[in-house]
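Subject: Structure handover and findings

Dear colleague,

Please find below the structure that I am handing over to you. My findings follow it, and I would be grateful if you would read them with the model open.

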Amino acid sequence: MPIRAENKTRYPKDWKLRSLFVRVYRARNRCEWCGAKNGEPHPITGSKVVLTTAHVFDHRPEAASLLNLAALCQRCHNRHDAKMRQFGRRERTMENAGQRGLFGDES
Ligand SMILES: [Zn+2]
C-alpha cells in the first residue's frame, strides 16, 4: 500500500530502513505469508511480485515495531487490508448506530 502524503509524517524517520530490513534481511525477498518471491511471477496470480511492508496487527503508521511488520506480496497485502477495511466499516457502522465497538469504553 503506498504511503499517503498526509500520513508521511506519522511514519518513523527510519521507515525505509525498517522496511528494507523486513523485506530483504528477515524475509529474504519472499512474502512472509505465502512464500512468493520478489520480482518473479506469483504462483497463484501470475503477476510480478512486488514485496511491500505491511502493518499486521496495528495499522497506524507509527506502529512500526518489527513485530507488527511483515513483508507481503500484493495478494496477501490486499487480502489483509481488505479484512481490516471490512472490520473498520463494521466498527464505524456500530458506532454510528450508537453501539459500542469491540474495544469501546465499557463505562
Ligand atoms: Zn503472499
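The notes below go from the overall fold to the metal site, the core and the aromatic residues.

Please bear in mind throughout that this is a predicted model.

Overall fold. The protein chain contains 2 helices and 2 strands, arranged along the sequence as α-β-β-α. It has 107 residues, of which 29% count as buried. If one takes the contacts between residues at least 6 apart in sequence, 47% of them join residues at least 24 apart. The exposed area of the protein chain is about 7700 Å², with carbon and sulfur atoms supplying 54% of it.

Zinc site. The zinc ion has as its protein donors the SG atoms of Cys31, Cys34, Cys73 and Cys76, which lie 2.3 to 2.4 Å from the ion. The spacing of these donor residues in sequence is C-x2-C-x38-C-x2-C. Distant parts of the chain are linked by the pair Cys34 and Cys76, 42 residues apart: Cys34 belongs to the loop between helix 1 (15-26) and strand 1 (52-55), and Cys76 to helix 2 (residues 74-96). As for geometry, the arrangement is tetrahedral because the 4 donor atoms subtend angles of 106 to 117° around the zinc ion, and the criterion asks that all angles lie between 85 and 135 degrees.

Are these two linked cysteines buried or exposed? Cys76 has a relative accessibility of 9% and therefore counts as buried, the cut-off being under 20%. Cys34, at 33%, counts as partly exposed.

Nonpolar core. The largest nonpolar core has 17 residues, and Cys31, Leu72 and Cys73 are the members that touch the most others. Helix 1 and strand 2 (69-72) each supply at least two residues of this core, and the largest share, 4 residues, comes from strand 2. Cys31 and Cys73 thus appear both in this core and among the donors of the zinc ion. Leaving aside residues up to four places away in sequence, Leu72 touches Cys31, Trp33, Val50, Leu51, Thr52, Ala54 and His77.

Aromatic pairs. The whole structure holds 2 aromatic pairs. One of them is formed by Tyr11 and Trp15, which meet edge-to-face with 5.0 Å centre to centre and 65° between the planes. Tyr11 and Trp15 are both buried.

With kind regards

Key:
Residues are numbered from 1 along each chain as its sequence is written. This is a predicted model: local features need pLDDT of at least 70, side-chain atom pairs count only at pLDDT 80 or more; totals for chains, interfaces and linings use all residues. Side-chain values use heavy atoms; hydrogens and water are left out. Buried means under 20% relative accessible area, exposed over 50%, partly exposed in between (1.4 Å probe, protein chains only). Contact means heavy atoms within 4.5 Å. Accessible areas come from the Shrake-Rupley method with a 1.4 Å probe; for residues, only the protein chains shown count as cover. Donors are N, O and S atoms within 2.8 Å of the metal (3.2 Å for Na, K and Ca); water is not among the atoms, so sites may look incomplete. Four donors count as tetrahedral if all angles lie between 85 and 135 degrees; four count as square planar and six as octahedral if opposite donors are over 155 degrees apart and all others between 65 and 115; anything else is irregular. A nonpolar core is a set of buried Ala, Val, Leu, Ile, Met, Phe, Trp, Tyr and Cys residues joined through side-chain atoms within 4.5 Å. Rings of Phe, Tyr and Trp (its six-membered ring) pair if their centres lie within 6.5 Å; planes under 30 degrees apart count as stacked, over 60 as edge-to-face and the rest as tilted.
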